[in-house]
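Trainee: I've got a new chain to look at today. Could you walk me through it step by step?

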Amino acid sequence: GGEVGEGEVYACTGQPTPCDVERLCVALLNEPYAEAHGALSELQRGAGVALVDVVRELGHLVFRVHMPPEARAALVEALAAVEYNLSTVPDPRLQACGLVGAFTQARAAIAGAGALAPGASSRRASARVAEHEAGGVRAPEAAGAGGGRGGRRGPRLRGDRAAGAQGELEVRDAAESRAVALRTLRALLPPWFPRAFATFLSVFPPWFGARHAAAVTPLVMRWLIGPAAVNDVPPEGRAALDDGTPAPASALYAALGLFGEAPGYRQGVLVERCRVLEEAGCASVCTNVCKLPTQKFFTEEVGLPLTMNPNFETFECQFVYGAT
């Protein structure tokens, strides 16, 4: 048994990888219709993924590409229509053509507004409006840019293959995704709360806050993560909690000096089938939008150490309060 990597997980679940989706987006926003359609067909055949999964991932990606609001709205509407039609039309070939056509229209709108399409090999790629093969009127150049040639009819946007960059595209990388999620968590609470709560927790022994957090989690987070239950931390997760002192069964037992429980007693929460992970269907989204920012927020800002261990095969997630 060798190590199972992210690529094997995507292959086993029949999902397109983030890199595959980004490369496809590059093609859809840069290449002629026939070549873009070929890239879509190649991804489906080569990776064995369904069109509906490709549409879903593209739907996430278009929100991370700089483009005019009108172009984004029209593109999202078209993607939603394709996704709906795939549930009612037996033959997906027509919907694949519609998908490519939607990006072709978006490309023209992006070029006309001076926005940029994603680069092929980096998340921050220089780009310019390049001259199209056919003749016609010149397309507007990007605002504030210079030194490049204007495009002609149906301008084609090229990524980092083009020289003489007129601007830059920024696609959020993993660090940016984590930062956005962390800001969202902070916005859910009053600014003073994390520090005040951390001060409050410091009065009690670590196991006390950890157990109460575990007890509350299934009650207040069910709407987001799905059914969950408090459990003892599994043996493989107890090492970080073991300070050599047995744990009490409750505050009363602690007051009586009765310490007989193993480290991690009632400090875990097992999410039976995490809705975030199941709906996202993506290990990267789970890690960068949920796991890492949540751990950082609770551990560093709330003062309650937390470790989350998702299982990408079963969609379970083991919370361990009190451990980092």
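Trainee: Let's start in the sheet. Which residue in β7 is the bridge partner of Leu270?

Mentor: Keep in mind that this is a predicted model. Strands β5 and β7 run antiparallel and are joined by four bridges. Look across from Leu270 into β7, and the bridge partner there is Gln318.

Trainee: Okay, and what order do the four strands of that open sheet take?

Mentor: Build it up pair by pair. β4 (residues 228-231) pairs with β5 (residues 268-271) over four bridges, in the antiparallel sense, and β5 is joined to β7. On the far side, β7 (residues 317-321) pairs with β6 (residues 306-310) over five bridges, also antiparallel. Put together, the order is β4-β5-β7-β6.

Trainee: Which are the edge strands, then?

Mentor: Check how many sides each strand pairs on. An edge strand here pairs on one side only, and that fits β4 and β6.

Trainee: How much are neighbouring strands of this sheet turned against each other on average?

Mentor: For this one, direction is ignored, so an antiparallel pair isn't counted as flipped around; axes are lines fitted to C-alpha atoms. On average, the turn between neighbours is 20°.

Trainee: Can we zoom in on β4 and β5? Which residue in β5 is the bridge partner of Asn231?

Mentor: Sure, these two strands pair in the antiparallel sense. Start at Asn231 and step across into β5, where the partner is Gly268.

Trainee: And in the hairpin of β6 and β7, which residue takes a positive phi?

Mentor: First find the strands: Leu306 stands opposite Tyr321 in β7. Between the two strands of the hairpin there are six residues. The one to look for has a phi near 70°, and that's Phe315.

Trainee: Now the inside. Which element gives the largest share of the largest nonpolar core?

Mentor: That core has 29 residues, and Leu40, Leu58, Leu75, Leu99 and Phe103 touch the most other members. Elements giving two or more residues to it are α2 (18-30), α3 (33-47), α4 (51-61), α5 (69-86) and α6 (93-113). The largest share is seven residues, and it comes from α6.

Trainee: Leaving aside its neighbours within four places in sequence, which residues is Leu40 in contact with?

Mentor: Leu40 is one of the residues touching the most other members of that core. With those sequence neighbours set aside, its contacts are Leu24, Leu51, Val54, Ala96, Leu99 and Val100.

Trainee: How many residues are in the second, separate core?

Mentor: You already know one member, Tyr321, which stands opposite Leu306. Others in this core include Leu201, Ala210 and Ile225. Its size in residues is 23.

Trainee: What about Phe200: why does it count as partly exposed?

Mentor: Phe200 is found in helix α8 (residues 193-201). Buried means under 20% and exposed means over 50%, with partly exposed in between. Phe200 counts as partly exposed because its relative accessibility is 44%.

Trainee: Last one! What share of the residues of the chain count as buried?

Mentor: Think of the whole chain, with 13 helices and seven strands. Out of its 324 residues, the share counted as buried is 40%.

Definitions and conventions: Residues numbered from 1 in each chain as written. Predicted model: local features only at pLDDT ≥ 70, side-chain atom pairs only at ≥ 80, totals over all residues. Heavy atoms only, no water. Pairing = 2+ DSSP bridges. Core = buried A, V, L, I, M, F, W, Y, C linked by side-chain atoms within 4.5 Å. Buried < 20%, exposed > 50% of the residue type's maximum accessible area, 1.4 Å probe, protein only. Contact = heavy atoms within 4.5 Å. Axes fitted to C-alpha atoms, helices over the stretch in contact; angles between N-to-C directions.
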